[in-house]
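I want to know where this protein leaves room inside itself. I also want to see what surrounds its ligand. Here are my notes.

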Amino acid sequence: MTVYDDLGVPTVLNGVGPATRLGGLPLHPEVWTAMQEAVAQSVRMDVLQQAAGRRLAELLGVPGVYVTSGASAALFLATAATMARGRAEHIDQLPRTEGMRHKVVIQSAHRDPYDHAITSVGATLVEIGYPESTHPGELERVLDDEVAAVVFRPGRHGNLLSLEDTARIAHAHGIPVIIDGAMFVPPIERLQAFFAAGADLVAVSGGKGLRGPQASGLLCGRPEFIDVIALYHQDMDERDVTWLPNHDATERMTPPRHGSGRPMKVGREQIAGLLTAVERYVRDPGGDERAGTEQLGEVERVLGESGILPFSRVQDPALDVPYLQLDVRAAGVEVDDVVLALARRSTPAYVGEGEAWRGVLTVNAMALTEGQGAALAAALVEVVQGLRGAAA
Ligand SMILES: *Cc1c(COP(=O)(O)O)cnc(C)c1O
């Protein structure tokens, strides 16, 4: 009996992919075995973070890494690091920002609900440009000594500032660039390309394409920031006389207390699990996607046999995996009715609603295990038939 059976919580068919609201992806046994091993002993978390960070930086080919509880947490910690710049009195002071750089600049086209990770640090967002265009001069003229960082989100379209232009202009003013790369890694080459193009800090999800624990993430970046992230984040029940900071402090520093990043704490198991997931990825890039792609084929087979719901296979530009677009409107039913009927089944099923505005639902197979592709497709066929029957 699983904890889900015990609580009476139904397990679901997840055709959305690495969605937090559905618990994320199933983890490979190698990953949860590492998590299990990690929780059996006590370790100093700052020492573990530093060692794991070094190994991850090597594996990923980036300057430095700190393990966070997600990309959102990484974005928060990156913002805090660019605002307080490692000064204990400023770390203690956040989210009040008197005396420190408190503005974060972002192109309008890059706004996102995840911006709460930036504003909750205490930063004020300064929006430049318009939804489909930003001029270089619009960035130039807002960069003053109140600006902590510029945030950049890849994958947005329009006459926007490229990462290269953004970094060149920001760096000329001594201002770092933070990238929200949550969905964009793997491939790892993309992460390396962000740094080659001038990124200073990059936030990445551990629970999306890397297939690590759902509550894990990476903050990648230059050592001058990464080495002091612990000060914003870790348990700082330290006495200043016995504290052994594990970063190269140039002068004896009075330690800050628990920083404002402390609510996003990371356990040993997240660190061990994410490290193992990244090792798996590097050993065989895309290997774990083969099972999902097989399940996507099963969805296509069952839908194809029924002929009731036209679909096409396309590539997801961010996650870099194939997914299906289901032309629900062409099947003569309403997308909202399909979504609600799927959610009300005894085994609830979920599909992507990102293209619902144009009558299309999507299927991402990253979370589907053996047999679930066919089961999800059968549920879709039954729901569409039922809705058509009700309309007739
Ligand atoms: C998923 C996502 C996040 C949050 O990632 P978590 O690892 O779940 O915290 C942040 N930004 C963007 C653009 C995302 O897609």
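**Notebook: cavities and ligand site**

I started with the lining of the largest cavity, and I sorted its residues into five nonpolar, three polar and one charged. I note that the model is predicted.

Entry 1, the largest cavity. I looked up which residues line it. I found Glu289, Gly292, Thr293, Leu296, Val321, Pro322, Asn364, Ala365 and Met366. Glu289 is the charged one. Gly292, Thr293 and Asn364 are the polar ones. I then asked which helix gives the most to this lining. Helix H13, residues 289-306, does, with four residues. The space in the largest cavity is about 60 Å³.

Entry 2, the count. How many cavities of 30 Å³ or more are there? I get two. I kept a general point in mind here: rolling a probe the size of a water molecule over the atoms shows where empty space is left.

Entry 3, the second largest cavity. I read its volume as about 30 Å³. Its lining is made by Val339, Leu342, Ala349, Tyr350, Val351 and Glu353. Five of these residues are nonpolar, none is polar and one is charged. The charged one is Glu353. Next I checked the elements. Helix H14 (335-343) and strand E11 (349-351) each supply at least two residues of this lining. Which of them gives the most? E11 does, with three residues.

Entry 4, the ligand. I looked up where the ligand sits. The space that the ligand takes is the largest pocket. I listed the residues that surround the ligand: Thr20, Gly70, Ala71, Ser72, Tyr114, Asp180, Ala182, Met183, Ser205 and Lys208. By class, I count four nonpolar, four polar and two charged residues in this shell. Asp180 and Lys208 are the charged pair.

Entry 5, polar atoms at the ligand. I went through the side chains one by one. Asp180 has a polar side-chain atom 2.8 Å from a nitrogen atom of the ligand. For Ser205, a polar side-chain atom lies 2.6 Å from an oxygen atom of the ligand. Lys208 has a side-chain N or O atom 2.8 Å from a ligand oxygen atom. How much of the ligand's accessible area does the protein cover? On its own the ligand has 380 Å² of accessible area, and the protein covers 86% of that.

Technical notes: Residues numbered from 1 in each chain as written. Predicted model: local features only at pLDDT ≥ 70, side-chain atom pairs only at ≥ 80, totals over all residues. Heavy atoms only, no water. Near = heavy atom within 4 Å. Polar contact = N/O pair within 3.5 Å; in protein donor to acceptor, adjacent residues only side chain to side chain. Areas by Shrake-Rupley, 256 points an atom, 1.4 Å probe, with all protein chains shown as cover. 1 Å grid on protein atoms, 1.4 Å probe; cavity = no way out; pocket = protein on both sides within 12 Å on 5 of 7 lines; lining within 4 Å. Sits in = over half its atoms within 2 Å of the grid points. Points joined across faces, edges and corners; volume = space filled by probe spheres on them.
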